[in-house]
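Student: Hey, can we go through this one together? I'd like to know what to look at.
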Amino acid sequence: DNFYIACGFTSGIAASGGAGRAMANWILEGDPGMDLWAFDLRRFGQPHTGLAYLRDSAIEAYSKYYAIAWPEEERSACRPLRRSPLYQTLADHGAV
C-alpha cells in the first residue's frame, strides 16, 4: 500500500509530464486517470528479467529512439531469446 514507482523510461524527459500527472492522480485520487498497463512491470515474463537482456534491450531502444521504423524491421538485441524445437532445423535449411 502507498508504494508507487515511475522509472525505466527510455529517455526520461519525453514522458515526464504525462508520468507526473498520472502519478499525482494515483497518489492523490487513488487512480492514475488512464490505463497504465503498457507501463506495468508485471506484464513482463521471465525472459525479460535478466540483467544482460535488460542492458542490451535498453541500449538498442535508446539508440533507435529517433530512428525511422521500417516495415518488417525487427530488433536485433537479445535475439534469439526463445527458440522453438525446430529452430536449428529451419536455420540449417536457410530459413530466416
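Student: What phi does Gly-30 take, just after H1?
Tutor: Gly-30 has a positive phi of about 85°. H1 is a helix, and helices here are DSSP runs of H or I with at least four residues, numbered from the N terminus. By the way, this is a predicted model, where local features need pLDDT of at least 70 and side-chain atom pairs count only at pLDDT 80 or more, while totals for chains, interfaces and linings use all residues. Residues are numbered from 1 along each chain as its sequence is written, and side-chain values use heavy atoms, leaving out hydrogens and water.

Student: Ok, and which residues of H1 are buried?
Tutor: Ala-19, Ala-22 and Met-23 are. Buried means under 20% relative accessible area, exposed over 50%, and partly exposed in between (1.4 Å probe, protein chains only).

Student: Why are they on the same side of H1?
Tutor: Because they cover an arc of only 95° around the axis, taking the directions from the helix axis to the C-beta atoms. Gly-17, Arg-21, Leu-28 and Glu-29 are exposed on the other side of H1.

Student: New topic: how many aromatic pairs are there?
Tutor: Two. Rings of Phe, Tyr and Trp (its six-membered ring) pair if their centres lie within 6.5 Å; planes under 30 degrees apart are stacked, over 60 edge-to-face, the rest tilted. Tyr-4 and Trp-26 have ring centres 5.6 Å apart and planes at 70°, so that pair is edge-to-face.

Student: Where do Tyr-4 and Trp-26 sit in the chain?
Tutor: Tyr-4 is in the segment before H1 and Trp-26 is in helix H1, 22 residues apart.

How values were computed
Helix = DSSP H or I, 4+ residues; strand = E, 2+ residues; numbered from the N terminus.
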